[in-house]
Amino acid sequence: MSAQSIEDLFVEGLQEMYYTEQQLTDALEDLESSSSSEDAKNAFSEHREETQRHVERLEEVFDSIGHEAEAHEDPVVDAMIRQHEEFVDGDPDAEALDRYNMLAAQKSEHYEIASYGTLTSLAEKLGHDDAADTLESILREEEQALDEVAELTEQFDQQTVEASQ
Ligand SMILES: [Fe+2]
Ligand SMILES: [Fe+2]
């Protein structure tokens, strides 16, 4: 990132999230197909559809501020995806993989929440009201997705504890 002004910071942040959402669309498909838990599969599949819509909604945000939609490579999401691939390559058992997929999903949602929280606030500061509304509504969906996977994680860990007693 080489932003010089708050407006640059905002636009570059949008460009990174435009890239991130595209990468996460594919990553969520991998999480879905590699999970054994039906609940986890459903949660990842649902959020994948939302993620595809986030790509489109970011295009609306670019449009509303008079910028062409452009993706900028984001090393953070690339690193998260690479880390997940390395874990899968280690041939984990189904239970470990399910649990790791939940962790990977939580990491990406936390990252998106931090990013959209900042972008919403910057849009407000810059007077981009329509952009702020759209970004805030994406932020709410990320928060809901995090809650859902956190709940699944809790259930999963609880079952493991019960099974081992
Ligand atoms: Fe998203
Ligand atoms: Fe998300």
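Is Glu148 buried, partly exposed or exposed? In this predicted model, Glu148 comes out as partly exposed, because its relative accessible area is 36%, and that value sits between the 20% and 50% cut-offs. As for where to look, you'll find Glu148 in helix α5.

Glu148 has company out there. Together with Glu46, Glu49, Asp147, Glu151 and Glu154, Glu148 makes up a patch of negative charge on the surface. Two helices, α2 (38–64) and α5 (129–164), each supply two or more residues to that patch. Helix α5 gives the largest share, with 4 residues.

Now for the metal. Take the iron ion (ligand 2): its protein donors are NE2 of His47, an OE atom from Glu112, an OE atom from Glu142, and Glu109, which is listed twice through OE. These donors lie 2.0 to 2.7 Å from the ion. Read along the chain, they follow the spacing H-x61-E-x2-E-x29-E.

There's a second iron to keep in view. The iron ion (ligand 1) is 3.5 Å from the iron ion (ligand 2), and Glu112 coordinates both of them. Glu112 belongs to helix α4 (residues 94–125) and Glu142 to helix α5, so this pair, 30 residues apart, links distant parts of the chain.

How accessible are Glu112 and Glu142, buried or exposed? Glu112 has 0% relative accessibility and therefore counts as buried. Glu142 is buried too, because its relative accessible area is also 0%. Helix α5 thus holds Glu142, a buried donor to iron, as well as the partly exposed Glu148 of the negative patch.

Note on methods: Residues numbered from 1 in each chain as written. Chains lettered and ligands numbered in written order. Predicted model: local features only at pLDDT ≥ 70, side-chain atom pairs only at ≥ 80, totals over all residues. Heavy atoms only, no water. Patch = residues over 30% accessible without salt bridge, like charges linked within 9 Å, V, L, I, M, F, W, Y side chains within 5 Å. Areas by Shrake-Rupley, 256 points an atom, 1.4 Å probe, with all protein chains shown as cover. Salt bridge = Lys/Arg side-chain N within 4 Å of Asp/Glu carboxyl O. Lys, Arg positive; Asp, Glu negative; His and termini not counted. Charge placed at Lys NZ, Arg CZ, Asp CG, Glu CD. Buried < 20%, exposed > 50% of the residue type's maximum accessible area, 1.4 Å probe, protein only. Donors = N, O, S within 2.8 Å, 3.2 Å for Na, K, Ca; no water.
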